[in-house]
Amino acid sequence: MSLFRPVSVPCPSCGASVEFNTVFSLNADRRPDLRVAVLNGSFQRQACPQCNTEFRLDPELTYLDVGRGQWIGVFPVAKLDQWKELEAQTQAMFNKAYGDKASAAAREIGAGLKPRLVFGWSALREKLVAVEQGLDDVILELTKAAMVRGLDEPPVDAGTELRLVAAEGDSLAVAWLVSANEEVKEMLRVPRSLYDEIAADTTGWSALHESLSAGPFVDVTRFLLPEGAAA
Ligand SMILES: [Zn+2]
(Lines give C-alpha, C1' and ligand atoms only; values in the text may rest on other atoms or scores of the structure.)
Protein backbone atom coordinates (compact mmCIF):
# COMPACT_ATOMS: atom_id res chain seq x y z
CA MET A 1 0.00 0.00 0.00
CA SER A 2 1.16 3.55 -0.70
CA LEU A 3 0.40 5.93 2.13
CA PHE A 4 -0.21 9.64 1.74
CA ARG A 5 -0.55 12.48 4.22
CA PRO A 6 -1.53 16.07 3.39
CA VAL A 7 0.99 18.71 4.50
CA SER A 8 1.23 22.47 4.03
CA VAL A 9 4.63 23.81 3.00
CA PRO A 10 5.61 27.47 2.57
CA CYS A 11 6.52 28.34 -1.04
CA PRO A 12 10.29 29.05 -1.15
CA SER A 13 9.63 32.00 -3.45
CA CYS A 14 6.63 33.90 -2.07
CA GLY A 15 5.95 32.17 1.25
CA ALA A 16 2.35 31.19 0.41
CA SER A 17 1.16 27.97 1.97
CA VAL A 18 1.14 25.12 -0.58
CA GLU A 19 -0.73 21.87 0.02
CA PHE A 20 1.16 18.70 -0.80
CA ASN A 21 -0.10 15.15 -0.69
CA THR A 22 3.07 13.72 0.86
CA VAL A 23 3.96 10.10 0.34
CA PHE A 24 5.55 8.44 3.33
CA SER A 25 5.27 4.88 2.03
CA LEU A 26 5.59 4.12 -1.67
CA ASN A 27 4.73 0.70 -3.05
CA ALA A 28 6.06 0.51 -6.61
CA ASP A 29 4.55 -2.93 -7.24
CA ARG A 30 1.04 -1.53 -6.77
CA ARG A 31 1.73 2.00 -8.00
CA PRO A 32 4.16 1.70 -10.93
CA ASP A 33 3.12 5.24 -11.92
CA LEU A 34 4.80 6.59 -8.77
CA ARG A 35 8.06 4.81 -9.67
CA VAL A 36 7.89 6.42 -13.12
CA ALA A 37 7.31 9.81 -11.47
CA VAL A 38 10.43 9.32 -9.30
CA LEU A 39 12.39 8.46 -12.46
CA ASN A 40 11.16 11.46 -14.47
CA GLY A 41 11.53 13.86 -11.57
CA SER A 42 7.88 14.89 -11.34
CA PHE A 43 7.20 13.09 -8.08
CA GLN A 44 6.24 15.43 -5.21
CA ARG A 45 6.90 18.47 -7.37
CA GLN A 46 4.25 21.09 -7.87
CA ALA A 47 3.69 24.75 -8.66
CA CYS A 48 2.77 27.33 -6.06
CA PRO A 49 -0.83 28.46 -6.80
CA GLN A 50 0.12 32.02 -5.82
CA CYS A 51 3.32 32.72 -7.81
CA ASN A 52 3.57 29.63 -10.02
CA THR A 53 7.10 28.75 -8.83
CA GLU A 54 7.67 25.02 -9.10
CA PHE A 55 9.31 23.30 -6.20
CA ARG A 56 9.81 19.88 -4.79
CA LEU A 57 9.08 18.57 -1.34
CA ASP A 58 12.04 16.94 0.41
CA PRO A 59 11.61 13.17 0.54
CA GLU A 60 11.12 11.22 3.74
CA LEU A 61 9.59 7.86 2.93
CA THR A 62 10.09 4.16 2.55
CA TYR A 63 10.18 2.81 -0.98
CA LEU A 64 9.26 -0.79 -1.73
CA ASP A 65 9.52 -2.69 -5.01
CA VAL A 66 9.30 -6.42 -4.36
CA GLY A 67 9.47 -7.23 -8.07
CA ARG A 68 12.86 -5.51 -8.41
CA GLY A 69 14.12 -6.47 -4.94
CA GLN A 70 14.29 -2.93 -3.60
CA TRP A 71 13.51 -1.60 -0.12
CA ILE A 72 14.82 1.91 0.46
CA GLY A 73 14.63 4.27 3.42
CA VAL A 74 14.67 7.80 1.97
CA PHE A 75 15.59 10.94 3.93
CA PRO A 76 16.17 14.60 3.00
CA VAL A 77 19.72 15.62 2.04
CA ALA A 78 19.66 17.94 5.08
CA LYS A 79 19.84 14.86 7.31
CA LEU A 80 22.99 13.49 5.66
CA ASP A 81 25.09 14.41 8.70
CA GLN A 82 22.97 11.96 10.74
CA TRP A 83 23.68 9.05 8.38
CA LYS A 84 25.24 6.84 11.00
CA GLU A 85 22.24 7.02 13.29
CA LEU A 86 19.75 6.82 10.41
CA GLU A 87 21.56 3.81 8.99
CA ALA A 88 21.02 1.93 12.25
CA GLN A 89 17.39 3.11 12.37
CA THR A 90 16.78 2.08 8.74
CA GLN A 91 18.27 -1.36 9.30
CA ALA A 92 16.07 -1.78 12.40
CA MET A 93 12.99 -0.73 10.40
CA PHE A 94 13.80 -3.26 7.71
CA ASN A 95 14.42 -6.02 10.26
CA LYS A 96 11.03 -5.36 11.81
CA ALA A 97 9.19 -5.25 8.46
CA TYR A 98 11.02 -7.93 6.44
CA GLY A 99 14.04 -9.15 8.42
CA ASP A 100 14.73 -11.27 11.48
CA LYS A 101 12.05 -9.48 13.57
CA ALA A 102 9.29 -10.04 10.98
CA SER A 103 6.77 -12.86 10.49
CA ALA A 104 7.79 -15.91 8.49
CA ALA A 105 5.75 -14.75 5.48
CA ALA A 106 7.33 -11.28 5.55
CA ARG A 107 10.82 -12.75 5.99
CA GLU A 108 10.25 -14.80 2.86
CA ILE A 109 9.58 -11.60 0.88
CA GLY A 110 12.49 -9.91 2.69
CA ALA A 111 14.93 -12.57 1.48
CA GLY A 112 14.60 -11.08 -2.00
CA LEU A 113 14.97 -7.45 -0.87
CA LYS A 114 18.11 -5.34 -0.47
CA PRO A 115 17.67 -2.75 2.31
CA ARG A 116 19.15 0.60 1.38
CA LEU A 117 19.36 4.12 2.81
CA VAL A 118 19.51 7.20 0.57
CA PHE A 119 19.43 10.97 1.05
CA GLY A 120 17.52 13.08 -1.48
CA TRP A 121 15.69 12.56 -4.76
CA SER A 122 18.81 12.15 -6.93
CA ALA A 123 20.13 9.36 -4.73
CA LEU A 124 16.77 7.56 -4.77
CA ARG A 125 16.46 7.92 -8.53
CA GLU A 126 20.00 6.56 -8.99
CA LYS A 127 19.10 3.34 -7.15
CA LEU A 128 16.12 2.84 -9.49
CA VAL A 129 18.21 3.53 -12.61
CA ALA A 130 20.92 1.11 -11.42
CA VAL A 131 18.45 -1.75 -10.92
CA GLU A 132 16.77 -1.02 -14.24
CA GLN A 133 20.18 -1.26 -15.94
CA GLY A 134 21.12 -4.45 -14.12
CA LEU A 135 23.94 -2.71 -12.22
CA ASP A 136 24.99 -3.74 -8.72
CA ASP A 137 24.96 -0.59 -6.60
CA VAL A 138 28.08 -1.51 -4.59
CA ILE A 139 30.08 -1.94 -7.82
CA LEU A 140 28.53 1.28 -9.13
CA GLU A 141 29.78 3.19 -6.06
CA LEU A 142 33.25 1.68 -6.53
CA THR A 143 33.14 2.83 -10.15
CA LYS A 144 32.33 6.35 -8.94
CA ALA A 145 35.22 6.17 -6.47
CA ALA A 146 37.53 5.17 -9.35
CA MET A 147 36.21 8.09 -11.44
CA VAL A 148 36.80 10.66 -8.71
CA ARG A 149 40.31 9.30 -8.18
CA GLY A 150 41.05 9.82 -11.87
CA LEU A 151 39.92 13.46 -11.95
CA ASP A 152 42.40 16.32 -11.51
CA GLU A 153 39.91 18.54 -9.80
CA PRO A 154 36.71 16.77 -8.86
CA PRO A 155 34.05 19.38 -8.06
CA VAL A 156 33.46 17.79 -4.68
CA ASP A 157 31.83 20.04 -2.15
CA ALA A 158 29.09 19.74 0.40
CA GLY A 159 26.38 20.85 -2.03
CA THR A 160 27.08 18.51 -4.93
CA GLU A 161 26.78 14.79 -5.50
CA LEU A 162 27.88 12.33 -8.16
CA ARG A 163 24.95 10.28 -9.51
CA LEU A 164 24.33 7.79 -12.27
CA VAL A 165 21.54 9.34 -14.32
CA ALA A 166 21.34 6.99 -17.31
CA ALA A 167 23.04 4.16 -19.17
CA GLU A 168 23.30 4.43 -22.94
CA GLY A 169 24.87 1.66 -24.96
CA ASP A 170 28.44 1.14 -23.78
CA SER A 171 28.53 4.13 -21.49
CA LEU A 172 27.20 5.25 -18.16
CA ALA A 173 26.06 8.85 -17.81
CA VAL A 174 27.18 10.08 -14.42
CA ALA A 175 26.46 13.66 -13.40
CA TRP A 176 27.67 16.09 -10.78
CA LEU A 177 24.40 17.43 -9.46
CA VAL A 178 23.53 20.26 -7.12
CA SER A 179 21.84 18.51 -4.19
CA ALA A 180 19.41 21.35 -3.49
CA ASN A 181 17.75 21.49 -6.93
CA GLU A 182 19.15 18.51 -8.89
CA GLU A 183 20.73 20.89 -11.44
CA VAL A 184 23.41 19.20 -13.58
CA LYS A 185 26.81 20.89 -13.10
CA GLU A 186 28.75 18.49 -15.27
CA MET A 187 27.89 15.35 -17.22
CA LEU A 188 30.49 12.63 -17.46
CA ARG A 189 30.43 9.56 -19.72
CA VAL A 190 32.12 6.52 -18.28
CA PRO A 191 32.69 3.38 -20.33
CA ARG A 192 30.67 0.52 -18.95
CA SER A 193 33.86 -1.55 -19.24
CA LEU A 194 35.22 0.31 -16.19
CA TYR A 195 32.26 -1.01 -14.19
CA ASP A 196 32.84 -4.51 -15.63
CA GLU A 197 36.55 -4.40 -14.76
CA ILE A 198 35.80 -3.44 -11.18
CA ALA A 199 33.12 -6.12 -10.93
CA ALA A 200 35.63 -8.73 -12.17
CA ASP A 201 38.45 -7.56 -9.87
CA THR A 202 37.57 -9.40 -6.68
CA THR A 203 40.82 -8.64 -4.83
CA GLY A 204 41.82 -5.07 -5.68
CA TRP A 205 38.60 -3.51 -4.45
CA SER A 206 37.71 -5.93 -1.66
CA ALA A 207 38.43 -3.64 1.33
CA LEU A 208 36.40 -0.75 -0.11
CA HIS A 209 33.69 -3.17 -1.25
CA GLU A 210 33.40 -4.46 2.30
CA SER A 211 33.16 -0.99 3.87
CA LEU A 212 30.60 0.16 1.30
CA SER A 213 28.32 -2.77 1.91
CA ALA A 214 28.69 -2.76 5.72
CA GLY A 215 25.21 -1.23 6.10
CA PRO A 216 22.24 -0.01 4.04
CA PHE A 217 23.94 3.33 3.23
CA VAL A 218 25.66 2.11 0.06
CA ASP A 219 27.14 5.40 -1.14
CA VAL A 220 30.72 6.68 -1.58
CA THR A 221 29.57 9.75 0.32
CA ARG A 222 29.93 7.72 3.53
CA PHE A 223 33.72 8.01 3.20
CA LEU A 224 33.59 11.77 2.78
CA LEU A 225 31.55 12.48 5.89
CA PRO A 226 32.89 13.01 9.42
CA GLU A 227 31.63 9.72 10.87
CA GLY A 228 32.91 7.90 7.79
CA ALA A 229 36.48 9.15 8.03
CA ALA A 230 37.31 7.00 11.05
CA ALA A 231 35.79 3.84 9.56
ZN1 LIG B 1 4.81 31.04 -4.35
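The largest nonpolar core of this predicted model contains 41 residues, and those touching the most other members are Leu26, Phe43, Tyr63, Leu124, Leu164 and Leu172. Helix H5 (residues 137–150) supplies the largest share of this core, with seven residues. Both domain 1 (1–132) and domain 2 (133–215) contribute residues, so the core lies between them.

Helix H5 is a good place to continue. Its 14 residues reach 20 Å from the first C-alpha to the last, close to the 20 Å expected at 1.5 Å a residue. H5 is also mostly covered, eleven of its 14 residues being buried. The buried residues run from Asp137, Val138, Ile139 and Leu140 through Glu141, Leu142, Thr143 and Lys144 to Ala145, Ala146 and Met147. Charged residues are thus found in this buried set alongside nonpolar ones, among them Asp137, Glu141 and Lys144.

Helix H2 (residues 83–97) offers a second helical example. H2 has 15 residues and spans 20 Å between its first and last C-alpha atoms, close to the 21 Å expected at 1.5 Å a residue. The buried residues in H2 are Trp83, Leu86, Glu87, Thr90, Phe94 and Asn95. This pattern can be read against helix geometry: an α-helix has 3.6 residues a turn, so residues three or four places apart point the same way.

Turning to the strands, Leu172, one of the core residues that touch the most other members, belongs to strand S9 (residues 171–178). All eight of the eight residues in S9 are buried, so the strand is largely enclosed by the rest of the structure. In a regular strand the side chains alternate between the two faces of the sheet. Both faces of S9 are covered, with Ser171, Ala173, Ala175 and Leu177 buried on one side and Leu172, Val174, Trp176 and Val178 buried on the other.

S9 has a pairing partner in strand S8 (residues 160–168), to which it is joined in the antiparallel sense over eight bridges. It also pairs with strand S10 (residues 184–191), again in the antiparallel sense, over seven bridges. Ala173 illustrates both pairings: this residue of S9 is the bridge partner of Ala166, and it stands opposite Arg189 in S10. The hairpin of S8 and S9 has two residues between the strands, and Gly169 there takes a positive phi near 55°. In the hairpin of S9 and S10, five residues lie between the strands, and Glu182 takes a positive phi near 65°.

A zinc site adds a further feature. The protein donors of the zinc ion are the SG atoms of Cys11, Cys14, Cys48 and Cys51, lying 2.3 Å from it. In sequence these donor residues follow the spacing C-x2-C-x33-C-x2-C. The angles among the four donor atoms are 107 to 112°, and the site is tetrahedral. For comparison, the ideal angle at a metal with four tetrahedral donors is 109.5 degrees. Two of the donor residues can be set side by side in terms of accessibility: Cys48 is buried, with a relative accessible area of 1%, whereas Cys51 counts as partly exposed at 30%.

Finally, helix H4 (residues 121–132) includes Ala123. Ala123 is buried, with a relative accessible area of 1%. Along the chain, Ala123 and Leu224 are 101 residues apart, and their C-alpha atoms are separated by 16 Å.

Note on methods: Residues numbered from 1 in each chain as written. Predicted model: local features only at pLDDT ≥ 70, side-chain atom pairs only at ≥ 80, totals over all residues. Heavy atoms only, no water. Donors = N, O, S within 2.8 Å, 3.2 Å for Na, K, Ca; no water. Tetrahedral: all angles 85-135°; square planar, octahedral: opposite > 155°, others 65-115°. Buried < 20%, exposed > 50% of the residue type's maximum accessible area, 1.4 Å probe, protein only. Helix = DSSP H or I, 4+ residues; strand = E, 2+ residues; numbered from the N terminus. Expected span 1.5 Å × (residues − 1). Pairing = 2+ DSSP bridges. Core = buried A, V, L, I, M, F, W, Y, C linked by side-chain atoms within 4.5 Å. Domains from an automatic or database assignment.
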